Each structure stands twice: as structure tokens, then as C-alpha cells.
Amino acid sequence: MDLTFLQPLYDRPSPMASLFINTSRDTEDADHAIRVRWGQARTALLEKGAPEETVAAMDSVVGRTRGVPGAHGQVVYAAGDEVVFDSTVARPPQDFQTSVGDLPDPLPYMVAEPRRVPHVLVVADSVGADLTVEYADGRTEVTRVEGDDKPVHKVREGGYHHNQMQRAVDEQVGQNANLVADTVAERAAASGAEVIALAGEVQVRGAIAERFPGKLRERVEYLEAGARSAGAENSPLEEELDEKLDARAAEHVREAVGAFGRGRADGTAVEGMATVLHALQRGQVETLLWNDELPGADRELHIGESGEQVALTERELRDMGVSGSRTEPARSAVLRAVVTTGAGLELVPTDAAELDEGIGAVLRFAAQS
């Protein structure tokens, strides 16, 4: 899981206010329930020391999720008078969770939305396509690509004029496919899409895929559901897409566990909190693995001003030349170290890999003896 989208959380002065709140719209009184919940969360943030201007900034975004149907949650981080990050997640908390401190607390957000697979969904026909782009941070963009609709329909007459018209139809459909393919390639590059999901007219989606460069073509997944025609919104497109994305997320976990297993043999993997912290101090960690029940997440760690300055004891930080350390829960301190050193994170079920103290790491280079 690439966490570079969280970097802005660590570029702001403290205190940082963190909110994870249930904004589900699956009941008739949803708006009222969200207002009540936010009122209680707002009070909690102020009591924990959040500045009034910070909470006022959050007022402008909390509950603004009307376009998201059904059960869902919202995560908001703010500092000063600015909302730094705002996104929705599929699995909401029962009510809300808040924290205020020197560090943000993104781990509940990670647990609630463990599948982070940036992708582009393309629903195409002979005229164009509807594109939905989802980024790793949960942002979604919707784009409509429209080519020329004359002529794009097959003709039934025979003879010379039929063949001439058919060539014109094929040429126009090809031009439209070029337009869609170029737009998809642009959006995929911007979002870092790992999956290009193609739905719609079978011949057209194939024509679009053929126009992708090789590396992009390798990311294509075909969906049988979905069309641009009226009423197609009731098709099982989302369920089919979810299956593809879940499979890709599971592949991420398998790859991390496999690399960890190989690393145990060649020295490019470590486990246990103390050893993992030493690797983070050296910028050694490629991927952090944490069992998904997050053992040790509430353990107090000592930190300095920069992300790699994290240790079990104050003395260890002093030995690193760090003075004036403070304590933070491992959930916040470890995640800051992961993000600021450019490492990745995978939440791993215990039955997939049982790690010492529930935490381990795949290293960029072999551990020092």
C-alpha cells in the first residue's frame, strides 16, 4: 500500500486534529444523525485541545458526502485553519473517533479502507466512454469522453455504397476509440492506476485496449456488466469491479508475505517492534507488515522531530543525537516513520503471516549484523 498521499499530514505545524466519523446515509434520519454525531465529535475535539479555527475548518466538510450512498464513513484531518485531508471510506465506525496531537492518527482510516488500488473504470460504446478514476487516497473523478456519433452505426444496404459507408463507420469508431484510449492513458498516469477496468460494447473495449501502450495493456481487466445505455446503472458492474480490485489487493498482501518469507532467509526481513524500529531509523524499510489486529499499536514510543527518529526508549534517541524527545502511540509514530521514509504498508491477516509482536518489515537492503 503506497502511503505517499499521507505526506501532507506531516508537513503542517501541530496540533493536528483527526476525525473518523460515521456519515452513512442508509436511514431516513441520516442527516439528523450526522449532525448530532458531528456536534458530539466537535465538542470532543475542542476538549482535547483542538484550536477553534481548526474545528471551524472541519465544519465546512464534515457530512458533505451526499453523493456517496449507503453505509460509509468520512475521515478528516485539519491543522491551523485548513483541512489537510478529507476522504470517505466504505466501513464506518459506529459513531466517531477523534484525536488531537503533534501527530495525526491515520491508522483507523487504513484499517477501515485496507483495499487501496488506484484504478480507472471505463464504460465504452462506439461514440465514447464514461470514465471513473479513483486515486489511492480515495479521491474520485468522473469524466465523459465523447467522439463523433456520425457515422458509427452499421448499415444494411449492399453494394458499393454499403462498403463505402461501412469504411466510414469503421474509421469513425476507430477515431473515437483513439480519443478514449488517449484519455484513459492520461488519467491512468495521473492516478497511478494499477487496474484499467474495461466495460461496455465488446468490440469497442477491445479496440480501446489495442491502442494502449504495452505496460498499460497489462493492467486491463474486462468486465462483462455495464453499458452506457439508459437503465444500465442497475447492472452488477460495481460488484464485478469490486471482485477485480479485491483480487488485486489480495495479491499485494501475497506479494508482501512472499517477500517477507524470502527475506527471512537472506537477511532482507526483520520482525518484532525493536528490530523494525531500528530498520525505520536507517531508512531500510521497503514494506512494513502489521498483523491486521494491530498488536502493540497503543504502545508508547519516543520520537524526535523527523520521521525516522522513533525508538523504544528516550536513551536510544539521545544516542542518535536527538534531544527533547516526546512520546506518541506506536500507531501514530510508526506510521509517520513509514510515510516519511517512503515505505509501504500492508495489513496482514495472522493466518497469512504470524509476525513476532505482530509487526515485521521487508527491507531495501540486508539488515546490519
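A residue is termed buried under 20% relative accessible area, exposed over 50%, and partly exposed in between, with a 1.4 Å probe and protein chains only. By this criterion Asp 102, at 34% relative accessibility, is partly exposed. The structure is a predicted model, in which local features need pLDDT of at least 70 and side-chain atom pairs count only at pLDDT 80 or more, whereas totals for chains, interfaces and linings use all residues. Residues are numbered from 1 along each chain as its sequence is written, and side-chain values use heavy atoms, with hydrogens and water left out.

Side chains of opposite charge can pair when their charged atoms come close. With a salt bridge taken as a side-chain nitrogen of Lys or Arg within 4 Å of a carboxyl oxygen of Asp or Glu, the structure holds 23 salt bridges. One of them joins Asp 102 to Arg 326, with 2.7 Å between the closest N and O atoms. This pair connects distant parts of the chain, 224 residues apart: Arg 326 belongs to strand 14 (residues 326-329), while Asp 102 is placed in the loop between strand 4 (96-101) and helix 3 (107-112). Helices (H or I, at least four residues) and strands (E, at least two) are DSSP runs, numbered from the N terminus. Arg 326, like its partner, is partly exposed, its relative accessible area being 22%.

A further salt bridge is formed by Arg 139 and Asp 137, whose closest N and O atoms are 2.7 Å apart. Here Asp 137 is buried at 10% relative accessibility, whereas Arg 139 is partly exposed at 40%.

Arg 299 and Glu 357 also meet through their side chains in a salt bridge, at 3.4 Å from N to O. Distant parts of the chain are again linked, the two residues being 58 residues apart, with Arg 299 in the loop between strand 11 (285-291) and strand 12 (300-303) and Glu 357 in the loop between strand 15 (344-348) and strand 16 (359-363). Relative accessible area is 36% for Arg 299, which is partly exposed, and 42% for Glu 357, likewise partly exposed. Elsewhere, Glu 194, Arg 248, Glu 251 and Glu 255 are joined into one network by salt bridges that share partners.

Gln 309 is located in the loop between strand 12 and strand 13 (310-311) and is buried, with a relative accessible area of 18%. Apart from neighbours within four places in sequence, Gln 309 is in contact (heavy atoms within 4.5 Å) with His 302, Ile 303, Gly 304, Leu 317, Met 320, Val 322 and Arg 336.
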